[in-house]
Amino acid sequence: MILEADALLKQLQQRQFQPVYFLQGEEPYYIDAIADLIEKNALAEHERSFNQVVLYGKDVDVVGILGQAKRFPMMAERSVVIVKEAQSVADLEQERSWPFLEAYLKNPLASTVLVFCYKHKTLDSRKKLGKLLSGKDSPAVLMTSKKLYDNQVPQWLTANVRSRGQQITGQATAMLAEYIGADLGRLANEVDKLVLNLKPGQPIDEELVQQLVGISKDYNIFELQKALVQRDVLKANRILGYFAANPKANPLIPNLTLLFGFFSKLLVLHQAGPNPADGEFKKLGIMNSFAQKEYQQALRVYPVERVVGIIHLIRRADAQSKGIESGSMDDGEILRELVWLILHQVPEGVLG
């Protein structure tokens, strides 16, 4: 049986347990969330010491896992076996183990909940184990957790906050999505922290995000981005000075990634014409009106040819950060040069 993460979580919250779960995929957030939910809710606390076993893939083999799964519970309705880091089970995908797995999957012990946490990859669906797990008659639940695209992050973030009975402003959503990206585990942790500090009726807003997520109110990459759009050289230099004085809080690579994302989206918007429709912004995950206005201003300030050149400059700065043609420049000097080149167009051919 193949289930999406949300459907599976809902089923587990209703205490509907299946005999086998195989949780796989590039995005570990849902794998951890589902395994944690089973670990904390499948058994009462006093039942866990005798009936719940947590194994780690590098320490076990298939026979050992199935041996634990075949044990009957002691004074409880069920037993739980969770295999964390299951991608490290040495013989899980070896053909010699498949007869044992096939035999168990065809006739699993009804009183056992067996969970495989197979992170950062997926089984080959063309091979026997993949076919066994994904088959219509399989008693196992197969859940594949895919990484979100960047433009899906704001919607996920808004839904996550609302599921907690809270609200978040569009500006705060955009700030978290841009600053953290599609790392769902880190996003969820930051939301946990923000929700704990909310007053009754207070939404998560940009001020709270700046205060608790470690983004300086006046000196951050979003303000630098705004200064570039407004071509405010003085403000940009003040921010660069702050970055240089606080390099650990403002590492170069994440800042380059955010600038690259901004100008890449700007390039896509240029293809939609001088006045992109609301739907064009939403396709790129640009949901709130403040961000849309900033992109509209950037479309006027930076024509398409210039945006292509800026993307080249950001790639060049990324190469310099890795020691390619950077000489003795440190990270602060690389970013300062990049910003200068964005604000002061250099004739083509002068740079490599």
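This report describes strand S3 with its neighbouring strands, and then helix H1, in a predicted model.

**Strand S3 and its partners**

Strand S3 spans residues 79–84 and is mostly covered, with five of its six residues buried. S3 pairs with strand S2 in the parallel sense, and S3 and strand S4 likewise run parallel. The table sets out the two pairings.

| Pair | Partner of S3 | Bridges | Residues standing opposite |
|---|---|---|---|
| S2 and S3 | S2 (residues 52–56) | five | Tyr-56 and Lys-84 |
| S3 and S4 | S4 (residues 112–119) | five | Val-81 and Leu-114 |

Each pairing is accompanied by a helical connection. Between S2 and S3 the chain passes through helix H4 (residues 62–69), forming a right-handed β-α-β crossover. From S3 the chain continues through helix H5 (residues 98–106) to S4, and this β-α-β crossover is also right-handed.

**Helix H1**

Helix H1 comprises residues 5–13, and its buried residues are Ala-5, Leu-8, Leu-9, Gln-11 and Leu-12. These residues lie on the same side of H1 because they cover an arc of only 160° around the axis. The spacing reflects a general rule: an α-helix has 3.6 residues a turn, so residues three or four places apart point the same way. The other side of H1 carries Asp-6, Lys-10 and Gln-13, which are exposed.

The buried residues of H1 pack against three elements: strand S1 (20–25), helix H2 (28–41) and strand S5 (140–144). Just after H1, Arg-15 adopts a positive phi of about 60°.

Note on methods
Residues numbered from 1 in each chain as written. Predicted model: local features only at pLDDT ≥ 70, side-chain atom pairs only at ≥ 80, totals over all residues. Heavy atoms only, no water. Buried < 20%, exposed > 50% of the residue type's maximum accessible area, 1.4 Å probe, protein only. Helix = DSSP H or I, 4+ residues; strand = E, 2+ residues; numbered from the N terminus. Pairing = 2+ DSSP bridges. Right-handed = clockwise from strand over helix to strand, strands pointing away. Arc of directions from axis to C-beta. Contact = heavy atoms within 4.5 Å.
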